[in-house]
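Biologist: I'm new to this one, so could you take me through a single part of it closely? I'd like to hear about the aromatic rings and what surrounds them.

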Amino acid sequence: MAEETGQEKTEEPTSRRLDKAREEGQIPRSRELNTTAVLLLGALGLLALGPFLSSQIAAVANLGFQIDRDSVFDTSTMGRNLLVSLQAAALGLAPWLGLMLLAALAGPLGVGGWMFSSKAIEPKFNRLDPLAGLKRMFSVNSLVELVKAWAKVLVVGLAAWLVLAYYFPAVLSLLQMPVEGAIAGSVDIILWCFILLCLSTALIAMVDVPWQIHSHMKKLRMSLQEIKDEYKETEGKPEVKGRIRQLQREAAQRRMMSDVPTADVVIINPTHFSVALKYQPESMAAPLVVAKGKDQVAFKIREIAKEHNVPRMEAPPLARALYAHTKVGDEIPEGLYVAVAQVLAYIYQMDMFAKGRGPKPEKRPEMPIPKDLRVDPEPS
């Protein structure tokens, strides 16, 4: 999309982009680091396991070259000797080969980590495009690989020259030593030369690793439009999210309005607030707020209450306190128990009076509101 809109990919890739690239098998890799790890651990392994490996090789050689007269005429001797030789060789090489396997597995952990992706091995026919191939041949990455190849030749060549110059007197001294001592000395010199040359390749790896990481991150860079599109895919478009929230509010409001007819009383402030309360002593510990609203919603609650003959009582301070300190479905605060109890008792007495079963209440309840629950009227 960045190419279509003309936007440059200047932003760092998001975590979702990195995860998606990893799923597709796109992770930074340094062949120089893997090669260095295998060569260096292999050389150190030969240095550490050399005595054991040489003893196994000597055992195989003795078994192959020392045959008594009776064994010469036994046709099964060669087969037995071959089997024993293979076992001795496998036993001698097993520790070193195990170390090499460990180096091959540990190398990728340095950059990118282990990765198993079926998409990485899927055939991609776009790579057969000749034009794309020419573009890759003359790309910056190809130039870097060429520079690395020449750098390896120069660095390893310079290291080889310095190592040989350092060990040249020791090599000359081997001419004056006995055969067995000269062989042991030459093996020791060869191993240390090999280790030092492997260390020289580590210099190439130290440069290659940051470059591979930088190249990978640059390849995955995103434009501002791509980041916006990804945000819309993951979080949803703001317009859609706003519409969903609106529908959720409307659904919640419809459910709330459907509970108004079941209320025992609606406490109102004629200009702003309405709070519908329900109380069933046998199943409720305290009165429950079944609906509340402000302005147009409050007016709608009063209309529904009037249609279903739900008692309404004007009590602005109590209406403000209930609206501010309660949520729909919650019990009223303890500090309002007395005020609401007085309202419910007054409504019950008025109902009995209307049915001719009791006297008319002499005065409206006082409905005390604690200071910490009082809410000042909104300015008109």
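Modeller: Happy to. Keep in mind that this is a predicted model. Let's start with Y323, which is partly exposed, with a relative accessible area of 25%. That value falls between the 20% that bounds buried and the 50% that bounds exposed, so Y323 gets the label in the middle.

Now look at what sits around that tyrosine. K292 lies over the face of Y323, and the distance to the ring centre is 4.7 Å. Y323 also has an aromatic partner, and the structure holds two aromatic pairs. In this one, the rings of F273 and Y323 have their centres 4.8 Å apart. Their planes are at 40°, so the pair counts as tilted. To be edge-to-face, the planes would have to be over 60 degrees apart, and to be stacked, under 30.

What parts of the chain does this pair link? Distant ones: F273 belongs to strand β2 (residues 273-278), while Y323 belongs to helix α12 (residues 316-325), and the two are 50 residues apart. As for F273 itself, its relative accessible area is 6%, so F273 is buried.

On to the other pair, made by Y166 and Y167. Here the ring centres are 5.1 Å apart and the planes are at 90°, so this pair is edge-to-face. Are these tyrosines buried or exposed? Y166 is exposed, with a relative accessible area of 62%, whereas Y167 is buried, at 15%.

It's worth a look at the helices in this stretch of the chain too. Helix α7 covers residues 140-173 and helix α8 covers residues 179-219. Their axes come within 9 Å and cross at roughly 155°. An angle over 145 degrees counts as roughly antiparallel, so that is how α7 runs relative to α8. The crossing of α7 and α8 is right-handed. Sorted by class, the residues in the contact of α7 with α8 are 19 nonpolar, four polar and four charged.

One last stop, away from the rings: N81, in helix α5 (residues 77-106). Its relative accessible area is 17%, which is under 20%, so N81 is buried. Along the chain, N81 and V60 are 21 residues apart, and their C-alpha atoms are separated by 8.9 Å.

Terms used
Residues are numbered from 1 along each chain as its sequence is written. This is a predicted model: local features need pLDDT of at least 70, side-chain atom pairs count only at pLDDT 80 or more; totals for chains, interfaces and linings use all residues. Side-chain values use heavy atoms; hydrogens and water are left out. Axes are lines fitted to C-alpha atoms, for helices over the stretch in contact, and angles run from 0 to 180 degrees between N-to-C directions. Helices (H or I, at least four residues) and strands (E, at least two) are DSSP runs, numbered from the N terminus. Angles under 35 degrees count as roughly parallel, over 145 as roughly antiparallel, 65 to 115 as roughly perpendicular and the rest as oblique. A crossing is left-handed if the near helix is turned anticlockwise from the far one by less than a right angle, and right-handed if clockwise. Ala, Val, Leu, Ile, Met, Phe, Trp, Tyr, Cys and Pro count as nonpolar, Asp, Glu, Lys and Arg as charged, and the others, Gly among them, as polar. Rings of Phe, Tyr and Trp (its six-membered ring) pair if their centres lie within 6.5 Å; planes under 30 degrees apart count as stacked, over 60 as edge-to-face and the rest as tilted. Buried means under 20% relative accessible area, exposed over 50%, partly exposed in between (1.4 Å probe, protein chains only). A charge sits over a ring if NZ of Lys or CZ of Arg is within 6 Å of the ring centre and within 35 degrees of the ring normal.
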